[in-house]
Every structure is written in C-alpha cells, then in structure tokens.
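User: Please take a close look at one part of this model. I want the surroundings of a single residue, then how that residue compares with other places in the chain.

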Amino acid sequence: MSLLYIFRRKKPAPNENYGKKSFTCVWLWFAVEYSRTLRKDVFHYMIKVDISNVWGQLTLGDLLAMEKEVADAHTTLVDGTGEGNDFLGWLNLPVREPTEEIKRIQSAAKKIRENSDVFVVIGIGGSYLGPRAAIELLQGPNHNIGKGKGNPQIFFAGNGLSTRHWNELQGLLEDKDFSIAIISKSGTTTEPAIATRALRWMLERKYGTAGAKERIFAITDPCKGALRQMATEEGWETFVIPQNVGGRYSVLTPVGLLPLAVAGIDIMEMMNGAVDAKETYNLRSFENPVWQYAAVRNLLYRNGKAMEIFESYEPGFKMFGGWWQQLFGESEGKDGKGLFPVTAEFTADLHSLGQMIQQGQRNIFETMVRFDPPAALYTIGSDWKNLDGLNYLEGKTLDFVDEKAYLGTVAAHVDGGVPVITMDCGELNDRKVGELFYFLELCCGVSAYILDVNPFNQPGVEFYKRNMFKLLGKPGYENQ
C-alpha cells in the first residue's frame, strides 16, 4: 500500500487549520515530490487531485481503510465482472492510430467543412453533451461568432421540446448551407426524432432529395433500429455507435468524433490523450488520482454530504459540467442512492450561489477543476484618477487575480465547513480534453461500483416517457 499522492501540495493550502495533521501533510508532501522525480514516465500526464482540504471532515485512516474496497471496484470494472459488464466497450475505444472508421469520419468532416456554413448535431443526453462540452471548453461559449464555410458554425437540436428554440434555429439556418448529423441508437427518441423530421424536410426543400442525401449523416446502431433502417433506405452515410457503449460513455465514438472534427478539433490528439489516460490511470494504489477522487467522494457521501458541486473558473467549462452531471447522475442515481451532481461557474456563481455554499446546509462538497493559464495573458493597466480603486493591481495579470480568487474561495468554503477537492488538469488542449473525458469515465465506473450500483443502466429514465406517451396518445400506451 502506497501513501504517495494522497496529498498533492506544492504549497500550503489556503486553510491551515489541520492541527495534528500538519506534520503528516509535510512529510507526505516531500514523499510525493520525491516520488514524482523517480516516476516522471508514469506521472507526466497525470491529472493531480488535491484532497488536502477534506481533512476537516475525514481522516487519513478513513481513506486508507477503503483500500480493498476501491481496489475491488477497480478490478470489477476493468475485468468486466460486475453488473452492466455488457456496456464496457468504452474502456477500449482510445487508439493511437486512426481506424478505418476514424478515417471516414475525417473525410466526412472535411466535406462538411467545405460545403456547409452550419452543421446541426441532432441528439439528446450523451448523444450531444460530450461533443458540445469539448467544443465549448476548447473554443469558448461564443465559438460560433464569425464562422462560416470552411469552418462552420455548430448548433445542437433535438435536446428539448421548446418551440422558441426551434424558431430560433430555423431563423439561423435561413440562407445558409447546412448539413446535419442524426445521433440515436434507436431513431425513435421523441425529441431528436421530431428535430430529424423537421430538418430533413428543410434540407429536401432546399437541395432536393438527392442533394439532401449528401448532407445527412446518421450515427446509430450497427444493424437495428428505425434510424438504421431509414439511413439504409435513403442512402445516407452512416457511422456506428458500438452496441456495448452507452450514450453517456460515447464521446470517443463517432457520436463525439464527427462533430468535433467538423469543429476543427484534432480528434487524434484527443484520442491520444485518452490513450494516455488508459495507460496512466491503471495504477492499483492510492497514487492513482482515480482512486483518490472515487474514494473521497464516497467517504464524504457516507458522512452526510449528499451533493457535489463540480465547478471551474472557465465560462467555457459549463457544458463540460453538464456532461459530467449526466455521467455521474445517470450512473449512480438509483436504488435510493447517489450524490446529487450540480455544476457551477466561478466567479460568476459566487455572486449567486456563494452565500448558500458558505452558510447554507452543510450537506455539500465541491470539486474544483483548474487549468494552466493560456499563453496570451491580459495585464491590468492604470488609471490616473483611480476612481475604481484598482491601481493596486496595476501590472498584474488577470490570471494572477483569478488564482487569488480561487485560493480565497477555497479558504472561505473550507472554513465554512465545505470540503473541497481540486483537480489540477494542467494545459488545456485537445489532448488534455481526451484525457479528462476518459479519466472521469474511469472515476465514475469505480465510484459506482464502490456505491454498489450498476454504472451502465438507467431504468428510471423511462418513467416520464411512459406518462408522456400516454398523454400524447401514442399507440400501445393507452393503458399504461
């Protein structure tokens, strides 16, 4: 059993009220740094999980006592011996070299980029959250501004039933050349099916049946389902969602890869990042940040923390938080169990949720995701009148202020009784996003098995659908 990497502290954390634990923190810090110098090959890509700000709620003994439980959960996941083991195909999706299907994806993306001002991705849940999360994290929430043919705008449809949203999308597509990707294993899910029908008709009116066929791409089951039948009959180009990969784990399939390639993201760099994660995070000890995150969140849950707030100081992270929210919420929320996943954007939400986090119910903990500053930094200038009182920051970078806001927030929240986990992801780029996707999927699988639930089913999702179908008068649901 290794104690290394339990604390990832290069400097004192904002809150130093650790009492007798301070000496333990210090010697473990030296052990960690020494280990890193000896094992740079293993830890080069590793996301660093800082759990030093949970010790007011947990003890080191609590964590070490979970070693066998976490080891068993990890083994259950990778050996495929647990419930849901027929949906483990995502474990082996990352590849270093492009497969034939990836080459077809790259070719289709090149064609779409050349002939389309707009690319519309139709899907709901895992069929759109992953690609949208990556695009907005890497390119920003305003990524569509100024784009067109050669670098098309990316819009998402079929993830709701709002007439206002549909009317807006119709307006955005007026006088634009556009293509669509329909993402669904079945082709009968209500929201994307309605969007598919409407957008297909728009394409056929604009380009004719033959012309529309060249602008419709289906990402679906390899052999069955309404969308597979429709695509075969109409002659649309298709890509496969593997049968052993569930929607919320599908971002490294064509579900994510085609939209990301159209957006100009290097999908092979993303894949390489995921391979890095697959190789690096197979450690079977608490040196593995997957173990640390999965163990600590379950310990906090057992100690009355019913809600996890997943947050970043990057506005472009909001949709990534939405992807994480579905991943963990749908994987763990069953059998009367599970942490309630919430996302937040700091510092904006510190001016709305900050009061609740600081002094509300003590049933929450936070996971803060951090990235290295970008290459281009903004320096704060001076104002001779100094009416805003900011001259004390003259010459400082905006990132410097952001870092101090982060440290100040951690100190305040920990002092207020809210444990804080920090994930330090390093440089934000295509490769890192691939690593982060795979890392969190691993964390989720291990955490769910610790919780003793099936990470890969979602039986509760069907209940609202039955009621809706009955109210809509769908055949076969009259007596539901």
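Analyst: This is a predicted model. Start with Lys206. At 39% relative accessibility, Lys206 is partly exposed, because that value falls between the 20% and 50% cut-offs. Lys206 sits in helix 8, which covers residues 190–213. Leaving out residues up to four places away in sequence, Lys206 touches Asp175, Lys176, Asp177 and Phe178. Now take a pair that is far apart. Lys206 and Gly460 are separated by 254 residues in sequence, and their C-alpha atoms lie 40 Å apart.

Arg104 is the next stop. Helix 5, residues 100–115, holds Arg104. Its relative accessibility is 34%, so Arg104 also counts as partly exposed. Beyond the residues up to four places away in sequence, Arg104 is in contact with Glu237, Thr238 and Phe239. Glu237 is 133 residues from Arg104 along the chain. In space, the C-alpha atoms of Arg104 and Glu237 are 9.8 Å apart.

Thr367 gives a buried site to set beside these two. Thr367 belongs to strand 9, residues 364–370. Its relative accessible area is 0%; the limit for buried is under 20%, so Thr367 counts as buried. The side chain of Thr367 makes a polar contact with the side chain of Glu308, at 2.6 Å. Glu308 also appears among the residues that Thr367 touches, sequence neighbours up to four places away not counted. The others are Tyr293, Ile309, Phe310, Glu311, Ile421 and Met423.

Now the chain as a whole. The protein chain has 17 helices and ten strands. Its radius of gyration is 24 Å, close to the 23 Å from the globule rule for 480 residues, so the chain is as compact as a globular protein of that length. Along the principal axes, the C-alpha trace spans about 75 × 65 × 45 Å. Buried residues make up 51% of the 480 residues; Thr367 is buried. Of the contacts with a separation of 6 or more, 80% join residues 24 or more positions apart.

The surface and the charges complete the picture. The protein chain exposes about 21,400 Å², and carbon and sulfur atoms supply 52% of that area. There are 51 positive and 58 negative side chains. The centres of the two sets lie 2 Å apart.

Terms used:
Residues numbered from 1 in each chain as written. Predicted model: local features only at pLDDT ≥ 70, side-chain atom pairs only at ≥ 80, totals over all residues. Heavy atoms only, no water. Helix = DSSP H or I, 4+ residues; strand = E, 2+ residues; numbered from the N terminus. Buried < 20%, exposed > 50% of the residue type's maximum accessible area, 1.4 Å probe, protein only. Polar contact = N/O pair within 3.5 Å; in protein donor to acceptor, adjacent residues only side chain to side chain. Contact = heavy atoms within 4.5 Å. Rg over C-alpha atoms; globule rule 2.2 N^0.38 Å. Areas by Shrake-Rupley, 256 points an atom, 1.4 Å probe, with all protein chains shown as cover. Lys, Arg positive; Asp, Glu negative; His and termini not counted. Charge placed at Lys NZ, Arg CZ, Asp CG, Glu CD.
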